[in-house]
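This report introduces a protein structure to a reader who has not met it before. Please keep the sequence and the model at hand while reading.

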Amino acid sequence: MSEYPIDKIRADFPILSREVYGKPLVYLDNAATTQKPLCVLDAMREEYLNVNANVHRGVHYLSQQATDLHEAAREKVRQFIHAAKTEEIIFTRGTTEAINLVASSFCESQMQEGDEVLVTEMEHHSNIVPWQLQAQKRGIIVRHLPITDDGTLACCDDIATYITPRTKLLSIAHVSNVLGTVNPVKEIVRIAHAHGIPVLVDGAQSAPHMTIDVQAIDCDFFAFSGHKMYGPTGIGVLYGKEEWLEKLPPYQGGGEMIDKVTWERTTFERLPFKFEAGTPDYVATHGLATAIDYLQGIGFGAIEAHEQELTRYGLEQLSQIEGLRIYGPQRSSRDAVISFNVGDIHHLDMGTLLDRLGIAVRTGHHCAQPLMDRLGVSGTVRASFALYNTKEEIDTLVAGIRRVSQMF
């Protein structure tokens, strides 16, 4: 921790030096979205000022330059997640659109009425609702794998018992956005593949915090968002194995994704453009690439060590508060998220009063209502850490919780 350049890093995020209600901002809502370093903002501003032109379509200099930046971002993402080919990198608006893309195209071409998709009890709504929509349209069945009381998969060792002859896909979060549980996706993929089942991994909460190697995981699809990893909003990535992307039909139709259009029929572009209808957010892709450069400049080893130390410290300090209950694994693998409640204090009341102390946390069901039902609560308070947070901020959070608790 002493060697981690925290002061230099925090200087890259000017918003962290502002005040809220006359108090220094303590931003602990990073699982919802992260703040953006100056280099990302500068890169996007520079492109809008000097390189703004539509990509892939123009022969003029600006269009070619913008296209080069856009495709360089695709290559940057390929390297970032260790994909085999840039053809396997599809730009989307975020994790949600990426999962919707797979749900729509996979169910249309690979599933029939009565076929099953397996998810888990800890999923974000974005990995539940798209499958339920397909269930309404096509009559597929959405089943879930249960979790234990400590927030880990109850069925990791015997996941095969939940696979039936009608199971066609397993879709699972790499890291729970509520519990911080880090699922052993490599082992889960191995088991699923042994039964011929492809796997989609929701990496929204893992990509900002750890090295991702989709070839080592061997997942068939992997989705993540730019805004949760210090990049701009409205940009995300779907990785898909080339063999699967070739099988799936386009998700949307329009410009850019076509080969030839006649009144009789349309043929589609090669990968990855088959899945990228319309003008992409080419400035945001450049911003995402810049964010990746920023993360790699610090080093994921250093980032992960820093965030794990913060998480351990947070668990230790929060557990000393009388009446505070922490949800999720206490001893097994967990990421930089701590969800909790204090006694009978409503999570909204706690979050609102902490906000008046300058402390930004998340309250509510965190887009995971089935998980809240499993936990037996309506919602929780969630503190989530990032590469720029400090132990002193955790101390401020703890002091704030104690002060609010005394009020009740």
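The paragraphs below treat a sheet, two helices, and the internal spaces of this structure, which is a predicted model.

**The sheet**

Strands of a sheet pair through backbone hydrogen bonds, and the pairing may be parallel or antiparallel. In this model, an open sheet is built from 7 strands, in the order β4-β10-β9-β8-β7-β5-β6, and its pairing is mixed. The edges are held by β4 (89–92) and β6 (141–145); each has a single partner strand, so one side of each is left without a neighbour in the sheet. On average, and with direction ignored, neighbouring strands of the sheet are turned by 20 degrees against each other.

One pairing may be examined in detail. Strand β5 (residues 116–120) runs parallel to strand β7 (residues 167–173), and 3 bridges join the two. Within this pairing, E116 has T167 of β7 as its bridge partner. Helix α3 (residues 61–81) packs on the sheet, where it touches β4, β9 (221–225) and β10 (236–240). The direction of α3 makes about 115 degrees with that of β4.

**Helix α9**

Does the length of helix α9 (residues 282–298) agree or disagree with what its 17 residues should span? At 1.5 Å a residue, the expected span is 24 Å, and the end C-alpha atoms lie 25 Å apart, which agrees. Of the 17 residues of α9, 14 are buried, that is, under 20% relative accessible area; the helix is therefore largely enclosed by the rest of the structure. Just after α9 comes G299, which takes a positive phi of about 100 degrees.

**Internal spaces**

The structure holds 1 cavity of 30 Å³ or more. The table sets out the volumes of the largest cavity and the largest pocket.

| Space | Volume |
|---|---|
| Largest cavity | about 30 Å³ |
| Largest pocket | about 410 Å³ |

The lining of the largest cavity consists of H209, M210, E304, E307, Q308 and D335.

Turning to the largest pocket, about 410 Å³ of space lies within it. Among the 27 residues that line this pocket, those closest to its centre are H124, N177, Q205, K228 and C367. Two or more residues of the lining come from each of the elements α4 (95–110) and β16 (362–364). Which element gives the most to this lining? That element is α4, with 3 residues.

How values were computed
Residues numbered from 1 in each chain as written. Predicted model: local features only at pLDDT ≥ 70, side-chain atom pairs only at ≥ 80, totals over all residues. Heavy atoms only, no water. Pairing = 2+ DSSP bridges. Helix = DSSP H or I, 4+ residues; strand = E, 2+ residues; numbered from the N terminus. Axes fitted to C-alpha atoms, helices over the stretch in contact; angles between N-to-C directions. Contact = heavy atoms within 4.5 Å. Expected span 1.5 Å × (residues − 1). Buried < 20%, exposed > 50% of the residue type's maximum accessible area, 1.4 Å probe, protein only. 1 Å grid on protein atoms, 1.4 Å probe; cavity = no way out; pocket = protein on both sides within 12 Å on 5 of 7 lines; lining within 4 Å. Points joined across faces, edges and corners; volume = space filled by probe spheres on them.
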